[in-house]
Amino acid sequence: MICNVNDMGDFRNQIHSLTEYIAGEVRKQKEALLSMEAQMITEYVREHFRERQLSLSVLADNMGKSVPALSRYFKNEVGIGFAEYLSNIRMEWIREQLLSSDRPIRDIITDSGYSDISGVMRKFKAMEGVTMNEYRQRHSSHWKYGSEKNHHDAKKPAFVSPKEL
């Protein structure tokens with residue numbers, strides 16, 4: 001694929017888009033390697049990550065397993081711990097929302113399932129190297145904001161765990 005790059009912003013956006021596409025394709029191909037139970041758990045997390053009460057404890061209760069047993073199983077199957085997996089899913093959704101809507105950042109954070117707005121903002125800056133507002137400004141030049149009514153219908157994130165690679 002040959003691309004014309006006019007400036008570093010274009011280059012960054014093209015790399016970002018390509019990375020998201022590849023991650024989605026890898027996830028689709030590698031998900032079959034997870035056990036059926038692990039697939040059900042990760043799918044459940046991707047569908048319910050915006051619920052604040054979602055936790056390993058709630059999941060273990062619903063599955064009739066102990067928290068330590070489910071924690072070990074999840075890490076063995078997926079390659080990272082449940083809390084990190086959930087956090088990655090939520091942060092990916094936040095990044096997508098920053099680029100696809102003009103909604104206030106605080107609303108995006110609270111809709112992601114997080115309750116600690118300032119903690120999420122610090123974590124985002126540590127992960128991305130820029131604030132959420134700077135991220136939105138740098139990467140949104142090639143995106144059009146979606147309509148306000150569609151922000152709750154966002155697609156499930158395509159996070160790929162280390163074991164899925």
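1. Glu 43 and Arg 46 are joined by a salt bridge, at 3.0 Å from N to O. The model is a predicted one. Both residues belong to helix H2, and they sit 3 residues apart, about one turn of the helix. Their exposure is worth noting. Arg 46 is buried, at 2% relative accessible area. Glu 43 is partly exposed, at 23%. The cut-off for buried is under 20%, so Glu 43 does not count as buried.

2. How many salt bridges are there by this rule? The count comes to 4. In general terms, side chains of opposite charge can pair when their charged atoms come close. Two further pairs follow.

3. Lys 65 pairs with Glu 37 in a salt bridge, and the closest N and O atoms lie 3.6 Å apart. This contact links distant parts of the chain, with the two positions 28 residues apart in numbering. Glu 37 is in helix H2 (residues 36–48). Lys 65 is in the loop between helix H3 (56–63) and helix H4 (67–78). Are these two side chains buried, exposed or partly exposed? Lys 65 is partly exposed, at 33% relative accessibility. Glu 37 is also partly exposed, with 28%.

4. Arg 103 and Asp 111 form another salt bridge. Here the closest N and O atoms are 2.3 Å apart. Arg 103 is buried, with a relative accessible area of 3%. Asp 111 is partly exposed, at 21%. With the buried cut-off at under 20%, Asp 111 therefore falls in the partly exposed class.

5. Next, helix H5. The helix covers residues 82–100, which is 19 residues. From first C-alpha to last, H5 reaches 27 Å. That is close to the 27 Å expected at 1.5 Å a residue. Why is H5 described as largely enclosed by the rest of the structure? Of its 19 residues, 16 are buried, so the helix is largely enclosed.

6. The surface has a nonpolar patch to check. Met 8, Phe 11 and Ile 15 make it up. Together they have about 300 Å² of accessible area. Ile 15 is in helix H1, which runs over residues 8–30. Ile 15 is partly exposed, at 39% relative accessibility. Patch members need over 30% relative accessible area, so Ile 15 passes that cut-off.

7. To recap the burial picture: Arg 46 is buried, and Arg 103 is buried. Their partners Glu 43 and Asp 111 are partly exposed. In the pair formed by Lys 65 and Glu 37, Lys 65 is partly exposed and Glu 37 is partly exposed.

Methods. Residues numbered from 1 in each chain as written. Predicted model: local features only at pLDDT ≥ 70, side-chain atom pairs only at ≥ 80, totals over all residues. Heavy atoms only, no water. Salt bridge = Lys/Arg side-chain N within 4 Å of Asp/Glu carboxyl O. Helix = DSSP H or I, 4+ residues; strand = E, 2+ residues; numbered from the N terminus. Buried < 20%, exposed > 50% of the residue type's maximum accessible area, 1.4 Å probe, protein only. Expected span 1.5 Å × (residues − 1). Patch = residues over 30% accessible without salt bridge, like charges linked within 9 Å, V, L, I, M, F, W, Y side chains within 5 Å. Areas by Shrake-Rupley, 256 points an atom, 1.4 Å probe, with all protein chains shown as cover.
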